[in-house]
Amino acid sequence: MVQLGHPRPGRLLNPLLLKVLALSVAISYLCGCCYRTATCEPIIMNQTTKPLRYIRTHFEWEEYVYDHFDVKPARGDRELRIICPNCEDPDQKCYVNPDKKVFNCFHCEFSSKKFDAISFVSKTEGISKLQAIKKILAELQVTTPVGNAFETTVTDRIYGGQNMKKKKHILRAIDGLPAPCKLMEEKDKEAWPFFSYLFGRGLTLEEIIDMRVHYVPDSVHFLYDGDGALKGDIGRRIIWPIYGGDNELISWNSREVEKVTDLKYLNCPDSDINFTLWPYSKPYGDTVVLVEGILDAYAIRRIHEVSGYATFGKSVSEEQMQLLRAWGVQKVVLFWDKKDAMKEMKATVENLKVHFETYVAAQDNMQKDKDCGDTLLMEDGIEILQEALKPIDVYSLEYDKWRLVNE
Ligand SMILES: [Zn+2]
């Protein structure tokens, strides 16, 4: 019944590598360089890209303490005496030495021997350590703001193809998924909340297992690109591996299972997702259905021997079209969310028409507020999709009517 592709397990599934990934430190570095090739520049080892070390060495103790405390200079002005942010002892028994970047409370043992600038800021301002890290990094201006900057990058890649310098299509394999990432397995209790999320989206156990879905456990794991820019928190996310030419892992796609950050989706920075299709496996016949996202592709694939592919956004790249041609595809049915993608669909149809018999899905029976992926949760989802997929030839009068109706 389930008609999913079978991506070759590839290197990331090597049990030894998984162990290594699981053992990786809480702060993950990847992309740009680290997971790509063994020969890349060791830029990620540069301390400016290691946020915790960077904070520890660059945190402006003097400025911070003067900004947040009533300071009494001590020991010949070399130390700053304050009310301890931890025990709040009014005798001001907490001493900070900005030059040595150390602090010590003689009342409660809150000291830089056990704690760092992040704990200090977290205690002082009553915020979480994660918030403290973000705040310090933002103040030190070593990061791009979480959220917008990354979304812009992805948006440029997906939608701004025309503006991007055309580069030769060379898919670069990456060596693994973001650490510490684990394969979702039934026996792993830590994975259960992630299963629960995916069940809630309508996926079956079989579909999850079949697509080698991974997860990053419930904690903070920052992700940086090769330039050291913070891309966001990879913790608490479902991760889908994305394969490209020769079935190499080329990217991954993640989504947050509960809203903690303002980044619902976080994908491999510098990813080549718009060079490939998901899943990376040949279609059953010469007809394919192109959808926007991974869940949409899952939904389409529930229909017997219908090959749905995610294009990762509202465009189809030259590379994706090349791939379809290489797979012998003759007919393409475009099934994007009609209500918000009319313009993009029309533009894409013009490109597709050059190479394929092109159709758009009628979608007349689809409820306005439901998209393809939503049918995963519907008992009659398959029937709804089959009906919605009634193809409209883009050269036909019907297509003209369909376009006018939606204009
Ligand atoms: Zn104290």
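**View 1. Secondary structure of the whole protein.** The protein has 13 helices and 17 strands, where helices (H or I, at least four residues) and strands (E, at least two) are DSSP runs numbered from the N terminus. This is a predicted model, so the cut-offs matter: local features need pLDDT of at least 70, side-chain atom pairs count only at pLDDT 80 or more, and totals for chains, interfaces and linings use all residues. Residue numbers start from 1 along each chain as its sequence is written. Of the 407 residues, 39% count as buried, meaning that 20 or more other C-beta atoms lie within 10 Å of a residue's own (exposed is 12 or fewer, partly exposed is in between, and C-beta atoms are placed from the backbone). Take the contacts between residues at least 6 apart in sequence, and 61% of them join residues at least 24 apart; a contact here is two C-beta atoms, placed from the backbone, within 7 Å.

**View 2. The largest nonpolar core.** This core has 87 residues, and those with the most contacts inside it are Val289, Leu290, Val291, Val332, Leu334 and Phe335. Helix α9 (residues 294–301) gives the largest share, six residues. A nonpolar core is a set of buried Ala, Val, Leu, Ile, Met, Phe, Trp, Tyr and Cys residues joined through C-beta atoms within 7 Å. Leaving out residues up to four places away in sequence, Val291 touches, among others, Ala297, Ile300, Phe335 and Trp336.

**View 3. Strand β16 and its two partners.** Four of the five residues of β16 (residues 357–361) are buried. β15 (residues 331–334) runs parallel to β16, joined by four bridges, with Leu334 opposite Val360. With β17 (residues 391–393) the pairing is antiparallel, over three bridges, and Tyr359 has Asp393 as its bridge partner. Strands count as paired if DSSP finds at least two bridges between them.

**View 4. An open five-stranded sheet.** The order is β6-β7-β10-β11-β12, with antiparallel pairing. β6 (182–183) and β12 (265–267) sit at the edges with a single partner strand each, so one side of each has no neighbour in the sheet. Three bridges hook β11 (residues 249–256) to β12, and Ser254 has Leu266 as its bridge partner.

**View 5. The β4–β5 hairpin.** Antiparallel β4 (residues 94–97) and β5 (residues 102–105) share four bridges, one partner pair being Val96 and Phe103. Four residues lie between the strands, and Lys101 takes a positive phi near 55°. Side chains alternate along β5: Phe103 and Cys105 point to one face and are buried, while Val102 and Asn104 point to the other and are not.
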